Amino acid sequence: MFESDGDSGVSRRSVLRSAAASTAGLSLVGSAEAQEFVPDEPAPGPTVTFLGFDCDPSREEFYTEVSREPTHEFGTEETVELESGRDGEKIQIGVLWPDLDEGETAPVILRATPYISDLRGSSVRDCIRTRRLAENYVQQGYAVAAVAVRGTGGSGGCMELMGPNEQADIDQAVTWLGEHDDSNENVAIIGRSYDGTTPWMAARKGNPYLSTVVPFSGVPDVHELMYKRGAPEQRGYGVLTGLYYLISLAEHTPFSGTGLRTYLSRAQCPDNYAVGTLWALYAGATGEYDPSGYWTSRVLKPGVARNYDGSVLMVHGLQDWNVDPSQVYPWTKALREAGVKTHVYFGQFAHRYPDDGRIKNNDDEMTSAFNPDWADFLLKWFESELKGRDPEAIDDVIPAETDPSTPTDPFDARVHAQSSAGEWYGADEWPPVEAESSAFYLGTDGDLRTEPSEETGQGTVYVDPSQSSNPQPGCRACVTFESDPVESDLRFAGEPTVDVTVTPTGPASHLTAHVYAVDEGGATERVGWGQVDLRYAQDGPEAGTVVPGQELDVSLPIEPLDATVEAGQRLAVVLSQGTAAGRVQSPTPTPTFVETGGDNALHLRSWGADLPVPEGPRTPTGTREVGSSVYTGGQTSRQTVTVEAPTEAPVEDVVPASWTVYAEESPAVESVETDGSVKRVRFADPASGSTTYQYLLEAPSGAGETNYYQFGPAEIRVDGAWKSVSGTGGEAFVVGPSA
């Protein structure tokens with residue numbers, strides 16, 4: 001990024017900077033002019049904090065420290081207020097400079113954030129999230145800056161959740177910092193979560209002074225995060241827009257340092273919130289981008305790939321379900337294909353920093369995801385990207401003695417990744433080149449196979465309130481597939497997909513997949529999940545039509561992962577209508593038949609052990625006859641359930657609670673127990689080999705009982721747990737009024 005184009009000695013970045021400088025006077029006010037603003041003094045009173053995003057030097061914040069001896073002292077600090085080129089609103093920036101020699105300049109590390117107080121009278125050394133940057137890097141010759149995004153801190157305007165005005169304000173702030181007399185014209189933006197999103201805003205604009213971005217769990221497409229494949233998050237129904245409007249008002253009151261005039265201007269922004277809520281509800285219902293352009297104006301990815309000329313250090317936790325890993329992968333591949341220098345750091349942590357003191361295990365010890373050398377890791381990146389130092393020549397940053405289990409050098413490879421077993425590795429690509437495309441087929445006997453089968457079967461998934469979140473292998477409302485234990489570690493990484501044919505029984509439903517590693521004792525470790533609304537059975541911007549009774553091919557993406565199934569463990573895939581990571585179920589869920597056998601499969605990039613083909617069925621199979629597909633209220637239904645069991649085991653059937661079981665007229669029935677929304681029908685005789693059970697039910701009556709009803713699947717007790725019997729699901733429609 002510091003090389004010239006050809007022999008002209010004029011770089012693309014230099015041309016862009018010249019263009020930015022020629023138009024700068026149209027869009028920003030320098031620090032001298034900023035002093036002409038009429039002061040907007042805060043009202044007297046106690047400090048008020050809502051979420052703790054304040055500039056309080058007494059508050060503790062854990063972070064790792066740079067090991068290299070300081071090269072500079074702390075220098076001057078300034079707070080300026082620019083006039084937004086969009087509409088004249090105030091943009092507040094605070095900058096702490098190192099003590100520079102005459103003629104010396106410094107790169108700038110910027111945090112653009114809504115989580116900060118008014119900076120007048122405060123230092124960036126006092127503020128949570130900028131403190132770690134200031135304490136580590138100012139004495140290494142870097143300036144550290146903070147800008148409050150529109151409608152927060154000391155900045156004016158309406159908080160607009162990553163909207164166009166906010167994007168323009170951040171771009172303008174980067175230009176002002178890049179053109180500052182003490183700047184070496186290289187600016188970085190770094191941050192986590194919302195602060196990990198703001199780097200993409202200036203990158204989208206192609207700001208010529210933006211040399212590198214270091215986003216932690218950023219959101220380059222907030223619509224995709226909230227409504228991916230039609231499966232909305234709980235935050236998607238107006239919660240996110242409402243939360244940040246509330247932060248704008250409640251956290252940044254006149255009493256917390258924000259000027260009264262600035263605060264009152266925010267109180268006049270409910271229309272801003274109302275518009276966001278309207279289109280949030282629209283997207284939650286449809287899964288689509290709205291026709292107004294509200295969401296598309298917040299999609300940052302295409303502009304970054306098209307306009308950005310800097311580098312990226314992409315940091316994300318593969319256990320982060322606040323900002324899903326699919327926000328950044330496979331986008332990292334597209335960035336590289338667009339010529340953007342992109343390094344990735346994927347660890348097994350949640351919505352945290354790699355050196356966050358909260359990354360602990362159950363014994364209150366640091367986990368293998370914690371990187372004690374993180375501050376040095378970043379310093380080496382900044383030395384290369386902001387000061388132009390040759391990575392191979394930087395030998396005074398990373399300490400000689402480091403923990404070999406953690407990554408230390410971001411230039412040994414373009415990828416630093418950690419598997420679910422805690423192992424770190426470096427690679428030039430992710431998944432690494434040794435990861436080959438593999439297919440593990442969903443067998444009719446509940447097994448995972450390395451070869452497709454000619455026969456097909458059917459299982460049923462439905463909503464079970466008692467197992468609605470992260471359903472486990474063998475759950476009664478699920479279809480489960482398991483391998484035999486692997487003989488050596490099986491590794492897989494990237495974004496797997498479950499490709500399966502389903503038959504919905506209603507027009508609105510969803511399908512969820514969970515991937516587990518299961519040890520010999522039956523304990524599970526979730527290594528992946530994914531969920532789609534069946535209107536988005538295939539990826540696309542618009543909802544399709546789901547026709548009850550009509551087959552549908554589904555490609556269900558699993559969130560990006562780096563997983564290890566260790567020797568002796570089994571790989572399991574659970575299909576259900578449960579949820580994960582704050583997603584919500586379809587508002588009108590109906591059962592769905594899942595095809596087993598054939599080409600239905602889990603596709604992934606794997607290496608290591610081959611997956612063995614089980615010698616026998618892992619889950620018993622069977623069939624069901626429901627008598628009729630349509631009943632009127634009060635009619636009698638004869639249920640016929642056949643179970644193929646390799647060993648003798650007790651069997652229960654599962655039917656809707658509103659149906660009446662004629663136990664006395666059905667010799668096969670031993671007992672009936674109501675369990676929430678279902679009845680569990682225990683059969684008197686255990687299954688052994690092929691065993692058939694028949695019993696009678698009465699359909700519910702009354703206009704309010706008109707509905708589709710799901711029977712089964714039956715369950716068999718295997719290895720001390722009740723497991724679904726594949727193929728024993730069924731359904732019938734009831735016209736509630738009796739004939």
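# Close-up views of a predicted model

The accessible surface of the protein comes to about 28400 Å², and carbon and sulfur atoms hold 46% of that area. The model is predicted.

**Figure 1. Overview of the protein, with 12 helices and 34 strands.**
The protein has 739 residues, and 58% of them are buried. Contacts with a separation of 6 or more were also sorted by distance along the sequence. Residues 24 or more positions apart account for 76% of these contacts. Salt bridges were searched for across the whole structure, and 27 were found. Figures 2 to 4 show some of the residues involved.

**Figure 2. A salt bridge joins Glu383 to Arg68.**
The N to O distance between the two side chains is 3.6 Å. The partners come from distant parts of the chain, 315 residues apart. Glu383 sits in helix 12, which spans residues 374–387. Arg68 sits in the loop between helix 2 (31–34) and strand 1 (74–83). Are the two partners buried or exposed? Glu383 has a relative accessibility of 2%, so this residue counts as buried, the cut-off being under 20%. Arg68, at 13%, counts as buried because this value also falls under 20%. The pair belongs to a network of salt bridges that links Arg68, Glu383, Lys387 and Arg389.

**Figure 3. Glu652 and Arg680 meet in a salt bridge between strands.**
Their side chains come to 2.8 Å, N to O. Glu652 lies in strand 26 (residues 651–656), and Arg680 lies in strand 29 (residues 678–683). The salt bridge therefore ties together parts that are 28 residues apart in sequence. Glu652 is buried, with a relative accessible area of 8%. Arg680 is buried too, with a relative accessible area of 9%.

**Figure 4. Arg680 also forms a salt bridge with Glu715.**
How far apart are the closest N and O atoms of Glu715 and Arg680? They are 2.7 Å apart. Glu715 belongs to strand 32 (residues 715–718), while Arg680 belongs to strand 29. The two residues are 35 residues apart, and the pair links distant parts of the chain. Both Glu715 and Arg680 are buried. Side chains of opposite charge can pair when their charged atoms come close. Arg680 thus appears in two views, with Glu652 as its partner in one and Glu715 in the other.

**Figure 5. Helix 4 packs against helix 5 at an angle of about 80°.**
Helix 4 covers residues 164–178, and helix 5 covers residues 198–205. Their axes are 8 Å apart. The two helices are therefore roughly perpendicular to each other, a term that covers angles of 65 to 115 degrees. Which residues make the contact? Helix 4 contributes Glu166, Gln167, Ala168, Ile170, Asp171 and Val174. Helix 5 contributes Thr198, Met201, Ala202, Arg204 and Lys205. By class, this contact has five nonpolar, two polar and four charged residues.

**Figure 6. Helix 5 is largely enclosed by the rest of the structure.**
Why is helix 5 described as largely enclosed? Six of its eight residues are buried, so the rest of the structure largely encloses this helix. The buried residues are Thr198, Pro199, Trp200, Met201, Ala202 and Ala203. Among them, Thr198, Met201 and Ala202 also meet helix 4. Gly206 comes just after helix 5 and takes a positive phi of about 70°.

Note on methods
Residues are numbered from 1 along each chain as its sequence is written. Side-chain values use heavy atoms; hydrogens and water are left out. A salt bridge is a side-chain nitrogen of Lys or Arg within 4 Å of a carboxyl oxygen of Asp or Glu. Helices (H or I, at least four residues) and strands (E, at least two) are DSSP runs, numbered from the N terminus. Buried means under 20% relative accessible area, exposed over 50%, partly exposed in between (1.4 Å probe, protein chains only). Axes are lines fitted to C-alpha atoms, for helices over the stretch in contact, and angles run from 0 to 180 degrees between N-to-C directions. Angles under 35 degrees count as roughly parallel, over 145 as roughly antiparallel, 65 to 115 as roughly perpendicular and the rest as oblique. Contact means heavy atoms within 4.5 Å. Ala, Val, Leu, Ile, Met, Phe, Trp, Tyr, Cys and Pro count as nonpolar, Asp, Glu, Lys and Arg as charged, and the others, Gly among them, as polar. Accessible areas come from the Shrake-Rupley method with a 1.4 Å probe; for residues, only the protein chains shown count as cover.
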